[in-house]
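Open the model in your viewer and keep the selection panel at hand. The stops below go from the whole chain to single side-chain pairs.

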Amino acid sequence: MHVSIPVTKDIVLIGGGHTHALVLKSWGMAPLPGARLTLITPGPTAAYSGMLPGHIAGHYPRDALDIDLVKLARFAGARIILGAATGIDPVTRMIRVTGRGPVGYDLVSADIGVHSRMARLPGFSDFGAPVKPLDHFADRWQDFVTAGGGPVAVIGAGVAGAELAMAARRRLGDNVSITLLDRAGILDAVNEKARTRLLAELDHQKIILKPNSDVTQVNADHLVLADNTAILSALTLGAAGARPHAWLAEQGLPHQAGFLSVGPTLQSIGDEAVFAVGDCAHLAHAPRPKAGVYAVRAAPILLNNLRALAQEKPELMRPFNPQRDYLKLISLGDRRALAEKAGIVVAGRALWRWKNNIDLAFMQKFSRLKPMAQPRLPVEAAAGTSEALGDKPLCGGCGAKIGPGGLKTALKSLPPITRDDVESMPGDDAAILAMGNTRQILSTDHLRAFTQDPALLARISAIHALGDCWAMGAAPQAVLAQIILPRLSPALQSRWLEEIMSAASDVFSDAGASIIGGHSSMGAELTIGFCVTGTTNSAPITLNGAKPGDALLLTKPLGTGVVLAAEMQLAAPGDVVAKTWAQMATSSASAAKILSLEAHAMTDVTGFGLAGHLFNICEASKVGAQLNLRDIPVIPGAENLLAHGYKSSLHAANFTALAPRIRGAVAEAADILFDPQTSGGLLAAVPAAKVPKIQASLSEAGIPGIQIGTVLAGSPEIHIIDGRK
């Protein structure tokens, strides 16, 4: 019998640096039962520093630099929170994160790197490009090259600055001026033999060197030095030293010039529950320069020590003893590299190939991730078990719901409504209750977890549950929560519930509703639902009311089911997943307010897909509809995933139930119509003459209002035109 292991410890990794990426990979191969791992990171990817010069030189495409943190977190079974950490409170053991409530921890590790922004240099914020954070810099460089390039100046003449200057020379050609500046000397901190070779290389590549030069102003097309000399520069690169993120020094923990001070076990000298690694850490027991090699070699030590403390076995912790010298491989721009160690210096193409192999092997650690396998069936099992299990994991969100065919059959067996104060319309998901001149809308919905983040799931579940209320033109009123938690320790039960209710409260408060209570229990997995009431003094907008000639407007792109299904199988790119989560977490309150003024019929697009919910309108209104696939918005990346065979668990049932009522393209071209949506947009039938006005109002509110088709006279059928051909 399978026993669910309760979660009792929260380990949080702040930042997706090289050390944390390696910890996530190792954790996925051997997780610690009872511990939940969380990654907090501003974006879905992290750029690998070793390949940055090669990208600048044009040897690698932009996406070759990225470690996909969303895929890596899924592989590790870890929660990922896309947000910027702004503080650690060692007393309450809470982490502040932009745009959400605090995140609790038992153990926390910081690997947030450094930055090279020069906020005090006039003009740099507008016209400069700090090399760190690396991902922002790589994007800025790509845009610069795409726009045609131009003269480049590099502020900071250490190894990184020299590498960037030579890489820029290789990418931009010999006729563009490249200038390397420093307020001190050029390559002063480099071994003398290596410095001599690198200076000769810079001279050979006709890179202009400006030592002892103090930049006082950065402009769009030039720099100004302290002596009023002007240096041509269409893009100024900032590579002058590593600066710590300011908030680290404000947490009451010991630091060295803003870098968190850690001891041999990588723990903060001031708090044993706090670790720091990579460039943001100061190794108090063995000070070393900032270098990626130390970050990589610290990973197994950090992993071991986090696991040891999570088990409350400090005797298992190990020290990190970084070597004093290490092999330095420096790119020379044109597929050559210089190697230096212990005073020995060599250069050539073979060394670049060696460096390239090392870099590619490092990145392959994160690209060859295998998705979770389906559980094996016992040798003996009842007939039909294999078919019911399917060949892929069960989806979360609306993809886990029961298909429309079985649901309609079950509902038909119910006795007719006999109460005078219940006015529910056929096909509507919400009940309409008469209360004098007021109509109260009653609806409920819940979602099986598709993310390890309870707060994100709570926000999306709350917006999703409000969909029927908004679609009927009602003002949200009261909410009851229905929470099923997995097995947790009492402390983590409180922590999870606080995150869930805080996120949900934000949504419902913004919508004008109050959470008045609810029910919670423990089960096999996290499930969040809400029962919602709303009120309206006018006639509710139902499915019954669409008229021939009406335009069909949709307020959110399709594709959430495809993306969530692919994400579970480690196939969806992290940036696609991040955009999908952001779309699902976007409220439809403003869209509903605008559309309800004119809509003849309206619904939210959820589990039955666009085809299913549109057919419900057609059936209730006794009309047909025409859709043009050319006009239907789709989440970028979703169609590609669909073309590669990734579909939600509910997709096939939606297709089976709706295909007989579809005319025209119903094969692969129209597959997206059957994709179940989680927290999908509103679909409204509105007077055609009102479309320009409605679209203008939606646009002003930052909401897409795309006309995807027209209501037709005739039987309830959906006619599909593939206008993309």
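Colour the whole protein chain by accessibility: 53% of its 725 residues count as buried. Buried means under 20% relative accessible area, exposed over 50%, and partly exposed in between, with a 1.4 Å probe and protein chains only. This is a predicted model, in which local features need pLDDT of at least 70 and side-chain atom pairs count only at pLDDT 80 or more, while totals for chains, interfaces and linings use all residues. Residues are numbered from 1 along each chain as its sequence is written, and side-chain values use heavy atoms, with hydrogens and water left out.

Stay with the full view and switch to the C-alpha trace, which spans about 90 × 60 × 50 Å along its principal axes. The radius of gyration of the protein chain is 29 Å, in agreement with the value near 27 Å for a compact globule of 725 residues. That radius is taken over C-alpha atoms, and the globule rule is 2.2 Å times the number of residues to the power 0.38. In cartoon view, the protein chain shows 20 helices and 37 strands. These are DSSP runs numbered from the N terminus: helices are H or I with at least four residues, strands are E with at least two.

Next, select Arg170, Arg171, Arg335, Arg349 and Arg353, which form a patch of positive charge on the surface. Patches are made of residues with over 30% relative accessible area and no salt bridge; like charges are joined within 9 Å, and nonpolar side chains (Val, Leu, Ile, Met, Phe, Trp, Tyr) within 5 Å. Which helices each supply at least two residues of the positive patch? They are helix 6 (159-172) and helix 9 (349-367). Arg349 sits in helix 9 and is partly exposed because its relative accessibility is 44%.

Now select Leu327, Trp354 and Ile358, which make a nonpolar surface patch of about 260 Å². Leu327 is in the loop between helix 8 (292-310) and strand 23 (328-331). With 34% relative accessible area, Leu327 counts as partly exposed.

The remaining stops are charged pairs. Side chains of opposite charge can pair when their charged atoms come close. The structure has 24 salt bridges, each a side-chain nitrogen of Lys or Arg within 4 Å of a carboxyl oxygen of Asp or Glu.

- Select Glu201 and Arg336, whose closest N and O atoms are 2.4 Å apart in a salt bridge. Glu201 belongs to helix 7 and Arg336 to the loop between strand 23 and strand 24 (337-341), so the pair ties together parts 135 residues apart in sequence. Are these two side chains buried or exposed? Glu201 is buried at 11% relative accessibility, and Arg336 is buried at 18%.
- Select Asp214 and Arg183, which meet in a salt bridge at 3.4 Å, N to O. Asp214 is in the loop between strand 13 (208-210) and strand 14 (215-218), and Arg183 is in the loop between strand 12 (178-181) and helix 7 (192-204), 31 residues apart. Asp214 is partly exposed at 35%, whereas Arg183 is exposed at 65%.
- Select Arg419 and Asp421, a salt bridge at 2.9 Å, N to O. Arg419 is exposed at 55%, and Asp421 is partly exposed at 28%.

For the last stop, select Asp10, Arg36, Asp106 and Arg495, which a network of salt bridges links.

Definitions and conventions:
Accessible areas come from the Shrake-Rupley method with a 1.4 Å probe; for residues, only the protein chains shown count as cover. Lys and Arg count as positive and Asp and Glu as negative; His and the chain ends are not counted. The place of a charge is taken as NZ of Lys, CZ of Arg, CG of Asp or CD of Glu.
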